[in-house]
Amino acid sequence: SHVVWQPAGTDRRLERFCPGHDASVALLCGPQRIVALPASRQYMAKDGSFEYLGGEIPLPAPLLQRAARLAVKAVSSVGSSLGD
C-alpha cells in the first residue's frame, strides 16, 4: 500500500512518494467496458506549487500503454464509473 499515515476520522492521508512521469488519461466508461483515450504527458512546476506548465500528447510507447492500463485499473477499483 502507498498509504503511510491517515488520521482516524479524516479524509487526509500521507502517501509514499513514487517517482515517475506526470501524465493524464481520459476514460470513456460504459456498462460493458472502459476505454482509455491516448495519455498525455504533463509538465508540472518542480517548486512544490503543482502549477501546470503545459503538456504533450501522446505519451511515447510503452508509457502510453502503461498509463492506460493503470488508469483503467484505478477506475475499476472504485466501483461503478457510470453516472446516474
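**View 1. Q32 in the loop between β4 and β5.** Q32 is placed in the loop between β4 (27–29) and β5 (34–36). The model is a predicted one. Q32 counts as exposed because its relative accessibility is 75%, over the cut-off of 50%. G9 is 23 residues from Q32 along the chain, and the C-alpha atoms of Q32 and G9 are separated by 36 Å.

**View 2. The salt bridge between D22 and K46.** A search of the whole structure finds 1 salt bridge. Its partners are D22 and K46, with the closest N and O atoms 3.9 Å apart. D22 belongs to the loop between β2 (14–15) and β3 (23–24), and K46 to the loop between β6 (40–44) and β7 (52–56), so the pair ties together parts that are 24 residues apart in sequence. The two partners can also be described by their accessibility. D22 is partly exposed, with a relative accessible area of 31%, whereas K46, at 77% relative accessibility, counts as exposed.

**View 3. S40 in strand β6.** S40 is found in strand β6. At 17% relative accessibility, S40 counts as buried, since the cut-off for buried is under 20%. With neighbours within four places in sequence left aside, the contacts of S40 are D22, A23, S24, E56, I57 and L59. D22 in this list is also the salt-bridge partner of K46, and I57 is the residue from which a cis peptide bond runs to P58. Y52 lies 12 residues from S40 along the chain; the C-alpha atoms of S40 and Y52 are separated by 13 Å.

**View 4. M44, also in strand β6.** M44 lies in strand β6. Not counting residues up to four places away in sequence, M44 touches D22, F50, E51, Y52 and L53. D22 is thus shown in contact with M44 as well as with S40. M44 and H21 are 23 residues apart in sequence, and their C-alpha atoms are 9.9 Å apart in space.

**View 5. F50 and its backbone angle.** F50 is in the loop between β6 and β7. Most residues other than glycine have a negative phi. F50 is not a glycine, yet its phi is positive, at about 60 degrees. At 69% relative accessibility, F50 counts as exposed. M44 of strand β6 is in contact with F50.

**View 6. Two cis peptide bonds between β7 and α1.** Most peptide bonds are trans. The bond from I57 to P58 is cis, with omega near -10 degrees. The bond from A61 to P62 is cis as well, with omega near 5 degrees. P58 lies in the loop between β7 and α1, and P62 is located in that loop too. I57 appears among the contacts of S40.

**View 7. A67 in helix α1.** A67 lies in helix α1, which covers residues 63–76. At 15% relative accessibility, A67 counts as buried. Apart from neighbours within four places in sequence, A67 is in contact with V25, A39 and L59. L59 is also a contact of S40. R41 and A67 are 26 residues apart along the chain, with their C-alpha atoms separated by 9.9 Å.

**View 8. The largest pocket and its lining.** The volume of the largest pocket is about 970 Å³. Its lining is made up of 29 residues. Of these, C18, P19, G20, H21 and D22 lie nearest the centre of the pocket. At least two lining residues come from each of β3, β6 and α1. Helix α1 gives the most, with 5 residues. D22 takes part in the salt bridge with K46.

**View 9. A nonpolar surface patch.** V4, W5 and L14 form a nonpolar patch on the surface. Together these residues have about 340 Å² of accessible area. V4 belongs to strand β1, residues 3–5. At 54% relative accessibility, V4 counts as exposed.

How values were computed
Residues are numbered from 1 along each chain as its sequence is written. This is a predicted model: local features need pLDDT of at least 70, side-chain atom pairs count only at pLDDT 80 or more; totals for chains, interfaces and linings use all residues. Side-chain values use heavy atoms; hydrogens and water are left out. Helices (H or I, at least four residues) and strands (E, at least two) are DSSP runs, numbered from the N terminus. Buried means under 20% relative accessible area, exposed over 50%, partly exposed in between (1.4 Å probe, protein chains only). Contact means heavy atoms within 4.5 Å. A salt bridge is a side-chain nitrogen of Lys or Arg within 4 Å of a carboxyl oxygen of Asp or Glu. Patches are made of residues with over 30% relative accessible area and no salt bridge: like charges are joined within 9 Å, nonpolar side chains (Val, Leu, Ile, Met, Phe, Trp, Tyr) within 5 Å. Accessible areas come from the Shrake-Rupley method with a 1.4 Å probe; for residues, only the protein chains shown count as cover. On a 1 Å grid over the protein atoms alone, a cavity is a set of points where a 1.4 Å probe fits but cannot get out, and a pocket is an open set with protein on both sides within 12 Å along at least five of seven lines; lining residues have an atom within 4 Å of a point. Grid points are joined across faces, edges and corners, and a volume is the space filled by probe spheres set on the points.
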